[in-house]
Amino acid sequence: MDKAQKGYLMGGIILGIISFCLIGSYISDFINDKKLNVSSIMGTILLLVAWFNFITWGSDKKFQKDEMGRKVATMSAKTSYYILTVGLFILWFIDRIIFVRKNDFGNVSLFAAMCFSLVILPVVQFFSARRYR
């Protein structure tokens, strides 16, 4: 077994142990009728992100930094940006329909997040283009 395979195996074991501990904790909370809180949801999300990152890139950082890895990262970042923007718009629209708000903006935080998501890509592209000129 070479060094890369050992690193991949070790990373999988560590993530597996953390996953089993969190799942055990969540099952214990469910049995004891404890409600979900923000930290348990964030822990689950972070664990899911770690697993997808580990499965995608493994422990080999060279693959992530080569030309194909950069292309995958760029394409997925732009795709996720569009999905996030559309998702925020849908959530804002549903929020306005369900909770008929008195103001024109509906949920102001959700509306601000949607506006920010619309503006962020052109602003980042502007500054990135200026850096190369």
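# Exercises on a five-helix chain

From the N terminus on, the chain's elements run α-α-α-α-α. The model is a predicted one.

**Exercise 1.** State how many helices and strands the chain has, and decide whether the chain is spread out or compact by the globule rule.

Solution.
- Step 1: The chain holds 5 helices and 0 strands.
- Step 2: Its radius of gyration is 20 Å, while the globule rule gives 14 Å for 133 residues.
- Step 3: The value for the chain is well over that of the rule, so the chain is more spread out than a compact globule.
- Step 4: The extent of the C-alpha trace can be set beside this: along the principal axes of the chain it spans about 65 × 60 × 20 Å.

**Exercise 2.** Find what share of the residues counts as buried, and what share of the accessible surface belongs to carbon and sulfur atoms.

Solution.
- Step 1: Buried residues make up 16% of the 133 in the chain.
- Step 2: The accessible surface amounts to about 11000 Å².
- Step 3: Carbon and sulfur atoms own 71% of that surface.
- Step 4: Contacts give a further view of the chain. Among those with a separation of 6 or more, 52% join residues 24 or more positions apart.

**Exercise 3.** Locate Ser-19, decide whether Ser-19 is buried or exposed, and name its contacts beyond its neighbours within four places in sequence.

Solution.
- Step 1: Ser-19 belongs to helix H1.
- Step 2: Its relative accessibility is 10%; the cut-off for buried is under 20%, so Ser-19 counts as buried.
- Step 3: With neighbours within four places in sequence left aside, Ser-19 touches Leu-47 and Trp-51.
- Step 4: With Trp-51 there is also a polar contact, side chain to side chain, at 2.7 Å.

**Exercise 4.** Treat Cys-21 in the same way: which helix holds Cys-21, and is Cys-21 buried or exposed?

Solution.
- Step 1: Helix H1, residues 3–31, contains Cys-21.
- Step 2: The relative accessibility of Cys-21 is 53%; exposed means over 50%, so Cys-21 counts as exposed.
- Step 3: Between Cys-21 and Trp-51 there are 15 Å in space, C-alpha to C-alpha, and the two are 30 residues apart in sequence.
- Step 4: Another cysteine, Cys-115, is partly exposed, with a relative accessible area of 28%.
- Step 5: A search of the whole structure for disulfides finds 0.

**Exercise 5.** Count the aromatic pairs and classify the pair formed by Trp-51 and Phe-54.

Solution.
- Step 1: The count comes to 6 aromatic pairs.
- Step 2: For Trp-51 and Phe-54 the ring centres are 6.2 Å apart and the planes stand at 80 degrees, so this pair is edge-to-face.
- Step 3: Both residues are in helix H2 (residues 38–57), and 3 residues, about one turn of the helix, separate them.
- Step 4: Trp-51 is partly exposed at 26% relative accessible area, whereas Phe-54 is buried at 12%.

**Exercise 6.** Classify the ring pair of Phe-126 and Phe-127, then name the members of the aromatic cluster that includes Phe-89.

Solution.
- Step 1: The centres of the Phe-126 and Phe-127 rings lie 5.1 Å apart, with the planes at 70 degrees.
- Step 2: An angle over 60 degrees counts as edge-to-face, so this pair is edge-to-face.
- Step 3: Phe-126 counts as partly exposed at 46% relative accessibility, and Phe-127 as exposed at 55%.
- Step 4: One aromatic cluster is formed by Phe-89, Trp-92, Phe-93 and Phe-111.

**Exercise 7.** Describe the place of Asp-33 and the sign of its phi.

Solution.
- Step 1: Asp-33 sits in the loop between H1 and H2.
- Step 2: Most residues other than glycine have a negative phi.
- Step 3: Asp-33 is not a glycine, yet its phi is positive, about 55 degrees.
- Step 4: Asp-33 counts as exposed, with 68% relative accessibility.

**Exercise 8.** Place Ala-112 in its helix and give its C-alpha distance from Asp-95.

Solution.
- Step 1: Ala-112 is in helix H5, residues 108–132.
- Step 2: Its relative accessible area is 42%, so Ala-112 is partly exposed.
- Step 3: Ala-112 and Asp-95 are 17 residues apart in sequence, and their C-alpha atoms are 13 Å apart in space.

Conventions
Residues are numbered from 1 along each chain as its sequence is written. Side-chain values use heavy atoms; hydrogens and water are left out. Helices (H or I, at least four residues) and strands (E, at least two) are DSSP runs, numbered from the N terminus. Buried means under 20% relative accessible area, exposed over 50%, partly exposed in between (1.4 Å probe, protein chains only). A polar contact is a pair of N or O atoms within 3.5 Å; within protein, one must be able to donate a hydrogen and the other to accept it, and residues adjacent in sequence count only if both atoms are side-chain atoms. Contact means heavy atoms within 4.5 Å. Rings of Phe, Tyr and Trp (its six-membered ring) pair if their centres lie within 6.5 Å; planes under 30 degrees apart count as stacked, over 60 as edge-to-face and the rest as tilted. The radius of gyration is taken over C-alpha atoms; the globule rule is 2.2 Å times the number of residues to the power 0.38. Accessible areas come from the Shrake-Rupley method with a 1.4 Å probe; for residues, only the protein chains shown count as cover. A disulfide is a pair of cysteine sulfur atoms within 2.5 Å.
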